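This report walks through the fold of each chain and then the place where the chains touch. Have the model open alongside the text.

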Amino acid sequence: MKQTILLGALLVALIGLVALPWFAPYFYIFIVTEILIMGLFAASFNLVFGYTGMLSFGHAAFFGVGCYATAMTLLHLKWPFLYCLVLSVGAGALLALVIGFFSVRLNEVYFAMLTLAFGMMVFSVAHHWRSVTNGSDGIAGFTLGDFGLGLDLTLGNPAVYYHVVLVFVVVAAAVLYLIGRSSFGMILQAIRQNPERVAFCGLNVRSYRLAAFTLGGAFAGLAGGLMAPFLRVASPEMLHWSTSAEPVLMSILGGTGYFLGPFVGSAMFILLETWITSITQAWMLFLGIVLALMVMFFRRGLLGTFLDWWLERK
Amino acid sequence: MQLLKPARLLMTLVAVTGLAGAPAWADDDPIRIGAIYILSGSAANYGKFAQQGIQLAIDEINQDGGVMGRDLEVITEDSQGKASVAIQAARKLVYQDQADVLMGLDSSGVAQGLVPVMPELKKPLIITHAATPDVTGKLCNAYTYRISNNVAQNMKAAAIIAGETGAKRWTTIGPDYAFGHQSWEFFGKALKEANPDVELMSDTAFPRFGAEDFTPFINGVMAAKPDGVLISVWGGDLVNFVRQANNLGFFEQDMEIMFTVGAATEVLSALGEQMPEGVWLSTRYWYDGFDNDVNKRFVSAYIDRYGVPPSYNAEGAYAAVYAYKKAIESAGSTDGDKLAQTLSGMSLDAPNGTIAFRAGDHQALVGPNWGKSGPMNEKHGIRTLADLRIFDGEKVSRTIEETGCQL
């Protein structure tokens, strides 16, 4: 019964998202586009954190590299957008494979510090390699051409781009969800709960962790690739550790225990930011208060707390 | 996804009220100006002066009956000096706040990011400070204008002065983004053309924008022993730079020193006597340099109201509001496309004289103001400019072909 209600709510939400450009104010197309992309970014992080139990502080590296990959291909090679995205996914995955190779052998705070260090290395490269990355100004001024596959889409139209993002995010989220439910995903969750036991079962914990980390990087790369045409600029800030903190905050706000938690967290984060910054510049102060309250009283996040309560209710 | 429900309810509510209200924003509603400046961080003072300039212009105009009988109103957003933030702010101003026109921008990096997006927003943008030549060059478009002078104009003038000093070996210290690098590039090109025997040193210093400690860069330049140094550090950074340079004896060296935006009154009032005498300072507009009625009225009204002389950023913002007034009145409309067309080639009487937006690249042909820092003006608490030279905008501007702008 409750399963049906949940499924129904999800379906209604999805229909609402598809129909959004026809009933919401124009500005909210931008807000929801950002929520979707950042939600995917946070969900890719949650595969590493919520499922596998590795707290990475360098996840922005894969997001940013994906963004640069798309921005630079659009600027220099003018490829169709779809191919740029494929490149972004590849770039995110490859970088995650390299960073992960060195990082997943460590645990807890050592893993967190190592990912932070690697993330800041990538940031430094983008910040200083002016001839390639245009330094702190970033890559801007690229134009959107075709989508690819012979589809006739005006990507420059925000409503069209919103729908493109929606399709990509929904499909990517579905794939992530299925990964989480597969036997592979079950092993990841087992690793979070008790890595020794998984190792004693004869499984190579390090390879599984590396696989999860690389997959997370690939989806973060996709989110970055989607972000480039939305922001119209790929800048080093997107690789900075403060951007790595965003999916952490979003996952905690929404709840790491449920698959849609990071998406809800992303919506909370961006809507609060939009509303609070129109009243005061001190939005980080309010975010701090909300976050402190969440961690103290709703450790499972907004969606997590609600679903826990609702599903246990007779 | 549960949370989205109340949010969506709210959105629907906003949509419905928005739609119902639509016919109401007719003639008695204010005309909205969306302004984007740096309001936080080390250059926040520039945003403050710009806001004051805008407010002064708006109050004058509204007291005088407004524009086509409608009041002007400004909504200001903080760019934080970041392109992505400025683009989001511009979208919010146009789509959410229903701004009719846009103005502002303090940073070249921000301008390079935002300008290519303007044709989508379909609203005119008058840049009042950001100086990268690209936005009235290879990135130019039908909606983007600039009322302040750009790096190419200012560096052409700088090269003329540098040539006269006779210094042969030149280097630079500038912020590590478009502005610092382009200042050096355009200065070098113009200087080399006029004086083929000068040496542009490869030892240059580009500290990060917002860096607190300039000591290693100052020491590096002193060790290289150049004859002349072009310094394009600006904002709060410039204040820090000059203080640290004083401590290190930088100004006692036998070098020609040229500050490309050193006569910003924001910086001069923060430094007071710490700004050394006898160095070359440039500004887009020097309040004491123009003997015309518009300037006299502007400067005295500004000092009366805010107690300090207007900076170039205040002047640019003030003039841009008047440019929009004139454009809206001649177009007889606030339609973005019509206004963008009207601005092309339009001239107006600004505090720094009669200026016109050139039709070929939308750049106002305004000349930079260069002078040597002189004795203190005790009343205003800032250095005066001696040997003030107001360059002719026409003579220091690139030709349309040189800009690479295709409209």
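Two strands pair if DSSP finds at least two bridges between them. Strand β1 (residues 31-37) of chain B pairs with β2(B) in the parallel sense, over 7 bridges. The model is a predicted one.

**Chain B: overall form**

Chain B has 15 helices and 14 strands. Its radius of gyration is 22 Å, close to the 22 Å that the globule rule gives for 407 residues, so chain B is as compact as a globular protein of that length. The C-alpha trace of chain B spans about 70 × 55 × 45 Å along its principal axes.

**Chain B: the parallel sheet**

The β1-β2 pair belongs to an open sheet of 5 strands in chain B. The order is β2-β1-β3-β4-β5, and the pairing is parallel. β2 (72-78) and β5 (144-146) of chain B each have a single partner strand, so one side of each is left without a neighbour in the sheet. From one strand to the next, the twist averages 25°. Within the β1-β2 pair, G34(B) stands opposite I75(B) of β2(B).

Helices lie across this sheet. One of them is α2 (residues 44-63) of chain B, which covers β1, β2 and β3 (101-104) of chain B. Its direction is at about 170° to β2(B). Helix α12 (residues 312-331) of chain B lies across β1, β3 and β4 (125-127) of chain B. Helix α12(B) runs at about 150° to β1(B).

**Chain B: the mixed sheet**

Chain B also holds an open sheet of 7 strands with mixed pairing. Its order is β7-β6-β8-β9-β10-β13-β14. β7 (199-200) and β14 (382-390) of chain B are the edge strands, and each pairs on one side only. Inside the sheet, β10 (residues 280-283) and β13 (residues 369-377) of chain B pair in the antiparallel sense over 4 bridges. There W280(B) stands opposite K372(B) of β13(B).

Helix α6 (residues 151-165) of chain B lies across β6 (169-173), β8 (228-231), β9 (256-259), β10 and β13 of chain B. It runs at about 165° to β9(B). Helix α7 (residues 178-194) of chain B lies across β6, β7 and β8 of chain B, at about 140° to β8(B).

**Chain B: a hairpin**

β11(B) and β12(B) form a hairpin with 2 residues between them. Strand β11 covers residues 347-350 of chain B and strand β12 covers residues 353-356 of chain B. They pair in the antiparallel sense over 4 bridges. D349(B) stands opposite T354(B) of β12(B).

**Chain A: overall form**

Chain A has 14 helices and 2 strands. A compact globule of 314 residues would have a radius of gyration near 20 Å; chain A has 19 Å, which agrees. Along the principal axes, the C-alpha atoms of chain A fill a box of roughly 50 × 45 × 45 Å.

**Chain A: how α2 packs**

Two packed helices are described by the angle between their axes and the distance between the axes. Here are these values for two partners of α2(A).

| Pair | Angle | Axis distance |
|---|---|---|
| α2(A) and α7(A) (158-181) | about 15° | 9 Å |
| α2(A) and α11(A) (241-254) | about 80° | 9 Å |

How do α2(A) and α7(A) lie, parallel or perpendicular to each other? They are roughly parallel. The crossing of α2(A) past α7(A) is left-handed. Among the residues in this contact are L36(A), L40(A) and L47(A) of α2(A), and V165(A), V169(A) and L176(A) of α7(A). By class, the contact of α2(A) with α7(A) has 19 nonpolar, 3 polar and no charged residues.

The other partner sits at a steep angle to this helix: α2(A) is roughly perpendicular to α11(A). From α2(A), residues including M38(A), F41(A), F45(A) and F49(A) meet α11(A), where the partners include P247(A), V248(A) and M250(A). This contact of α2(A) with α11(A) has 8 nonpolar, 3 polar and 1 charged residues.

**Where the chains touch**

How many residues of each chain are in contact with the other? Chain A gives 33 residues and chain B gives 32. On the chain A side, α1 (2-23), α2 (26-51), α12 (261-277) and α14 (301-312) each give two or more residues. That side of chain A divides into 22 nonpolar, 8 polar and 3 charged residues. Helix α2(A) thus appears both in the packing with α7(A) and on the side of chain A that touches chain B.

Definitions and conventions
Residues numbered from 1 in each chain as written. Chains lettered and ligands numbered in written order. Predicted model: local features only at pLDDT ≥ 70, side-chain atom pairs only at ≥ 80, totals over all residues. Axes fitted to C-alpha atoms, helices over the stretch in contact; angles between N-to-C directions. Contact = placed C-beta atoms within 7 Å. Nonpolar A, V, L, I, M, F, W, Y, C, P; charged D, E, K, R; others polar. Parallel < 35°, antiparallel > 145°, perpendicular 65-115°, else oblique. Left-handed = near helix turned anticlockwise from the far one by under 90°. Rg over C-alpha atoms; globule rule 2.2 N^0.38 Å.
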